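Colleague: Please take a close look at one stretch of this chain where the backbone turns in an unusual way, and then follow it outwards into the rest of the model. Write it for someone in their first year.

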Amino acid sequence: MTDQSRRRRPTAPNRPGKPYRRPQKDPVRILAFEALRAVDERDAYANLVLPPLLRKARESAEAGSGPRFDARDAALATELVYGTLRHQGTYDAIIAACVDRPLREVDPPVLDVLSLGAHQLLGTRIPTHAAVSASVELARVVLGDGRAKFVNAVLRRIATHDLDGWLERVAPPYDEDPEAHLGVRHSHPRWVVSALWDALGGGSAAMEELLAADNERPEVTLVARPGRSTTGELLAAVGEGAAVPGRWSPYAVRLTEGGEPGALEAVREGRAGVQDEGSQLVALALANAPLEGEDRRWLDGCAGPGGKAALLGALAAERGAWLLAAEKQPHRARLVARALAGNPGPYQVIAADGTRPPWRPGGFDRVLVDVPCTGLGALRRRPEARWRRRPEDLDGFAPLQRGLLREALAAVRIGGVVGYATCSPHPAETRAVVEDVLKGRGGPAAGAEWIDARPLMPGVPELGDGPDVQLWPHRHGTDAMYLALLRRTG
């Protein structure tokens, strides 16, 4: 027997005469596929699914029970997951042009592998041959040899053009349908493009900047909770060149090179946390709004998961004020309690429905309600949300948003201040809610007047005509947070 015959591998039973090669398991791409499947099958969010998967892979590698998995592997897996989700709409349009059936007839796991492959081909610097071969190997592992052939054929068609070339082919002409054109080019549902355009106003250039910003990876932003930590401590702990002060919030630190916030002592101890700068600005504006008379009782009526409550609690402690943090869902109330643990001032966390409050009317000096919403202002962080939401979701949130604002106005004393906030720029979730409540539409509400919120965000440019404020990713580098400040008058 020759050496060659000894090395010959067994043949696959369905491929007589051809050597069978076992598929190579790539831990990075298998992990990315598992994350996408969780997002698709369980409506999970990638920012919740991915960290435990990365941690498990890293721990298995360190224990010697799994393949090598280092920081570069984690970075690539993260890019594959978030890049694929952010550009899903664009990739779907391209894949649809390369298959011989409607996209809805392609099995979801196959579509996930194709989308991962499309992102490697069109959205990264991975060489074409490597992107195709790695994706086909992944298909062999998770789908089987038969469907791997289909994946191979489709990806080779995709590889015939770069992203710009494909967009010329699959995006509707701008002159015929500008919203559909921008939706395909920037991977947003058409109705979301329309809603954002209504909120933003202006021409197509600004709209393209906003949609492009939604597809950029956001920096991790920390908050140094006043009286408990400082930006100087955080900057020193992160290291020179890896972090810079925030743009607008005096308590913000931006991590310019990523990193693991949980590795910082101040974050582990709860003296600092991860919080978008827009969220910090909303809490600071409410805390600094002019107030006559007492300033001793504060309420966060929609406190989960606890970022704004922790910042408000620290600010209240510096003034000797007491904070009540209420959250309807018990598991989220526990997150609030964890965020506030160790706060130096007096506070209480309760599980309570802000539309049916257990507190007495008129008992608070400052009230914040960061109401549940579609989340269209945080698409940078939760890109999958754009595909889950539907226009009819707005009708589902509307009664809750108005009910929470009415009860917030009832909870504050005459002369006190209410902050209505939402992480959505959609007009139906922002100013329309406030105007309806002030005009008594849908039910009576305590009398109130607008407070100009713009001076309470000093140094922040392009805040509009007021009196409310809409932040934008492309203008401010924050989530698209909205804030209206109201003073109760009767």
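Modeller: Ser187 is found in the loop between helix 10 (178–186) and helix 11 (190–200). The model is a predicted one, and every value below is computed. The phi of Ser187 is near 60°, which is positive, and Ser187 is not a glycine. Most residues other than glycine have a negative phi. Ser187 counts as buried because its relative accessible area is 0% and the cut-off for buried is under 20%.

After this loop comes helix 11. Its buried residues are Trp191, Val192, Val193, Ala195, Leu196, Trp197 and Leu200. Among the elements that cover them are helix 10, helix 12 (204–214), helix 19 and helix 21 (473–476). Just after helix 11, Gly201 has a positive phi of about 70°.

Helix 11 also runs past the start of an annotated region. An unreviewed UniProt entry lists residues 196–489 as "domain: SAM-dependent MTase RsmB/NOP-type". Over that range the chain is 34% helix and 21% strand, and the C-alpha atoms at its two ends are 33 Å apart.

Where else does the backbone depart from the usual pattern? Glu462 has a positive phi of about 50° and is not a glycine. Glu462 sits in the loop between strand 10 and strand 11. Pro467 lies in the loop between strand 10 (448–451) and strand 11 (469–470), and the peptide bond from Gly466 to Pro467 is cis, with omega near -5°. Another cis peptide bond joins Gly304 and Pro305, with omega about 0°. Pro305 belongs to the loop between strand 5 (297–300) and helix 16 (307–319). Most peptide bonds are trans.

Helix 19, one of the elements that cover helix 11, leads to a cavity. By the rule used here the count is one cavity of 30 Å³ or more. The largest cavity holds about 50 Å³ of space. The residues that line it are Leu299, Gly301, Gly354, Trp359, Val367, Val369, Leu404, Glu407 and Ala408. Strand 8 (364–370) and helix 19 (393–411) are the elements that give two or more residues to this lining, and helix 19 gives the most, with three. By class, the lining has six nonpolar, two polar and one charged residues.

Next comes the annotated position. For "active site", the unreviewed UniProt entry lists Cys423. Such annotations may be inferred rather than shown by experiment. Cys423 is in the loop between strand 9 (412–422) and helix 20 (431–438). Its relative accessible area is 16%, so Cys423 is buried, given the cut-off of under 20%. Leaving aside residues up to four places away in sequence, Cys423 touches Asp370, Cys373, Gly375, Leu376, Gly377, Ala378, Asp479, Ala480 and Met481.

The nonpolar cores come next. In soluble globular proteins, nonpolar side chains tend to be buried together. The largest nonpolar core has 54 residues, and among these Val81, Leu114, Val151 and Ile158 touch the most other members. Helix 2 (27–42), helix 3 (46–63), helix 4 (71–86), helix 5 (88–96), helix 6 (108–123), helix 7 (128–142), helix 8 (145–158) and helix 9 (163–170) each supply at least two of its residues. Helix 2 provides the largest share of this core, nine residues. Leu114 touches Ile95, Phe150, Val151, Val154 and Leu155, not counting residues up to four places away in sequence. A second, separate core has 39 residues, including Ala287, Ala321, Leu323 and Cys373. Cys373 is also one of the residues that Cys423 touches.

Last, there is an open space to look at. The second largest pocket contains about 410 Å³ of space. It is lined by 18 residues, and those closest to its centre are Asp40, Gln88, Asp92, Leu111 and Asp112. The elements that give two or more residues to this lining are helix 2, helix 4, helix 5, helix 6 and helix 18 (385–388). Helix 6 gives the most, with four residues. The lining divides into eight nonpolar, three polar and seven charged residues.

To return to the starting point, Ser187 is a buried residue with a positive phi, in the loop between helix 10 and helix 11.

How values were computed. Residues numbered from 1 in each chain as written. Predicted model: local features only at pLDDT ≥ 70, side-chain atom pairs only at ≥ 80, totals over all residues. Heavy atoms only, no water. Buried < 20%, exposed > 50% of the residue type's maximum accessible area, 1.4 Å probe, protein only. Contact = heavy atoms within 4.5 Å. Core = buried A, V, L, I, M, F, W, Y, C linked by side-chain atoms within 4.5 Å. 1 Å grid on protein atoms, 1.4 Å probe; cavity = no way out; pocket = protein on both sides within 12 Å on 5 of 7 lines; lining within 4 Å. Points joined across faces, edges and corners; volume = space filled by probe spheres on them. Nonpolar A, V, L, I, M, F, W, Y, C, P; charged D, E, K, R; others polar.
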